[in-house]
Amino acid sequence: MLDIITNMLSMCIPFSVALLLASLGEMFNQRAGVFNLGCEGVMAMGAFVGMLIPFLAGQGGAVAPVYNVLGFVSAALLGVLFGLFFGVITVTFRAPQGIAGIGLQMFGVGTAGTLFRHFVGGTQSIPGISDIDIPLLSKIPFIGDVFFSHNIVAYLAYILVPVAWYILFKTYWGLKVRAVGTNPRAADSMGINVTRTRYEALALGGALAGLAGAYLSIAQAKMFSDTLISGRGFIAVALVYFGHWHPVQIMGGALLFTFAQTFQTVVQSMGISFPYELAVMLPYVLVIVVLSFTSRNQTTAPTALGKPFNREIRT
Amino acid sequence: MTKGFRIAFRFSIVAIAAIAAILMASVILWMIGADVSDTFYIIIFQPLTNMLHLSEVLIRAIPLCIIALGISVAYRSGIINIGAEGQMAMGLLAFTGVALAFPDVPRPLLLPLAMIASMIGGGVWGFIPGILKAKLNVSELLSTVMLNYIAAQFYSLCLRTIYLDPAEQVYGTGTPQSMRLTENIWLGRISGRLHYGIIIALVLAVLIYILMWKTTIGYKMRASGSGARAARYGGISVGFYLAASMAISGAFAGFAGGVELAGVHRRAIEGITNNYGFSGVVVALFGGLHPFGIIPASFLFGLLIYGSTLAPSQVGVPANIVQVMQGIIIIVIVTAQMVLSNTYFQDRVWRKYQALRKKEG
């Protein structure tokens, strides 16, 4: 029994990284007032490109770590492109964000699938990146397994939580982001370029979503498939609501949802006689339950969330 | 501003949008090294060349049309239903359940019963996000997506357990599927696989037109959608109509599942929903959220979906290309709509045009 619990807990940190990165990115988007539902599509593109580069470099064999790094970097750059593209649609043209996000999601998932079939073909695995055991600390029973023997990207992602907090609440740029998401007109009158700030936030959010996708394909699954993302992008958006647009609470949410997801792995690997499909459903059900409890009182929500800004129109 | 200029302005915006969409799709096709014009020909014109292809296109247009009609009702009421995929799966399950439970009931009783069951199955699945939105302000975009995944899992759970064909365990085809449904429940076929569902879809389009534009219920739904605050001030219970429109929307998606099952597959199997739920959103938008626009739009997208199944063998383009095109089309439609409704922009173009004319004349 203790084995199972250790197993589940030790999966929590590495498996939560994709959710964490994507929701931190989405947090920046939403703090700037843009609701980017296309996160899923950007993650799919990031996952595909992140996997493609080490795959082409190694042709299925071992690859130098630099190609994995290159995979992450190009996934992030592609994410920036997608974020800016979404900016053109929703900030410049002021299209309704919800439905435009669905469009971006279809475009991203579809393109990733199309390119994957052409450049890779079928299911191909890549060596990915391996776990590193932190000396001494990883030897501590239980705690060592849960906290100190994961891949390097997982640690970097968790360092991003305080970094994101610092950027959002302690830097001038973070203040601008919060201003354009709360009261863009006031920000505009103070000389902040609302459009530019929203574009910057979307670029950052896109980069993080791309990295999240690349993490899934390079570090977690070590392959790409059409169903690799399977709603994680949408869960990431929900986590932002759940975490009240605050990095630390979002981290808590990511861990909670990953714990629910590990349940399916446990059911599968331990041979517990419990319908596998019900275990897979669990995190999705949890999202709906959590949203039902947290959506009513959204006093912390950015007040301009989802509202395009137009200097020319008085409100 | 002259009337001629307004028409020319609208026309050129639509033309630019269409060109932008084609260019974006071409970039993706170019990246995978496909012959762009050949691919467009295969996807859009090849299916029109003979009756067999054409009937396959129409078969795909039927569920698209029914689902898009439901989505347009929800959209007009101010709620975006992207959960039609899950609602359709629940409709399929309910329909199969009734058909398997009462195989000996005569056709005039069984067919309506199963159809109603499929509507209830989808309707309940649509009502959940509707009521959550109305009462608890849960974003319907997130709840419907989550319900899609839940329904998909529930669907394969049912196929694998209670609905599993007993013969499946003997022969073991590898894909879980239900028994072939009783003949009492099949829809008749017109030609090839094309079934009478096409008439059902057309009748439903007329019904939706009457509901939305000729009844008070429809008026109240549209009022809630175009201005929730004003509607509430006018004494309309916005929450009620929101939930009701989602239930209708879900019922249509479930019904589409029932028609698809009775007309085409005649047994529940994986992959019947075939992304129709998401394509339905595109069809509804492309059809201008109006029943008489949705009918031609569903034919067009039936064409795209069927054409894309021809593409892998003929030009080596993966069938996923249809998803790419649908994403592009959504993006371009919502963007073009914003440009068209931006009167300031139109004014500015008009002034530029005037200045140009003065310079010349």
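**Exercise 1. Describe the side of chain A that touches chain B.**

Solution. Begin with the count: 40 residues of chain A are in contact with 38 residues of chain B, two residues being in contact if their C-beta atoms, placed from the backbone, lie within 7 Å. Next, assign this side of chain A to helices (DSSP runs of H or I with at least four residues, numbered from the N terminus): α4 (97-119), α10 (232-242) and α12 (276-294) of chain A each supply at least two of its residues. The greatest share comes from α4(A), with 16 residues. Finally, sort the residues of this side by type, which gives 25 nonpolar, 10 polar and five charged, where Ala, Val, Leu, Ile, Met, Phe, Trp, Tyr, Cys and Pro count as nonpolar, Asp, Glu, Lys and Arg as charged, and the others, Gly among them, as polar.

The model is predicted, so local features need pLDDT of at least 70 and side-chain atom pairs count only at pLDDT 80 or more, whereas totals for chains, interfaces and linings use all residues. Residues are numbered from 1 along each chain as its sequence is written, and chains are lettered from A and ligands numbered from 1 in the order in which they are written.

**Exercise 2. Determine how α4(A) and α14(B) are arranged.**

Solution. First take the axes, which are lines fitted to C-alpha atoms over the stretch in contact, with angles running from 0 to 180 degrees between N-to-C directions. The axes of α4(A) and α14(B) (residues 321-341) come within 7 Å and cross at roughly 155°. α4(A) is therefore roughly antiparallel to α14(B), the classes being roughly parallel under 35 degrees, roughly antiparallel over 145, roughly perpendicular from 65 to 115 and oblique for the rest. Then list the partners: residues including A:I99, A:L104, A:F107 and A:T114 in α4(A) meet residues of α14(B), among them B:I321, B:Q323, B:I328 and B:V334. The residues of this contact divide into 13 nonpolar, eight polar and no charged.

**Exercise 3. Treat α1(A) and α7(A) in the same manner.**

Solution. Helix α1 (residues 2-31) and helix α7 (residues 172-182) of chain A pack at an angle of about 60°, with their axes 7 Å apart. The two helices, α1(A) and α7(A), are therefore oblique to each other. At the residue level, A:F28, A:Q30 and A:R31 in α1(A) meet A:V177, A:R178 and A:G181 in α7(A), and the residues of this contact divide into two nonpolar, two polar and two charged.
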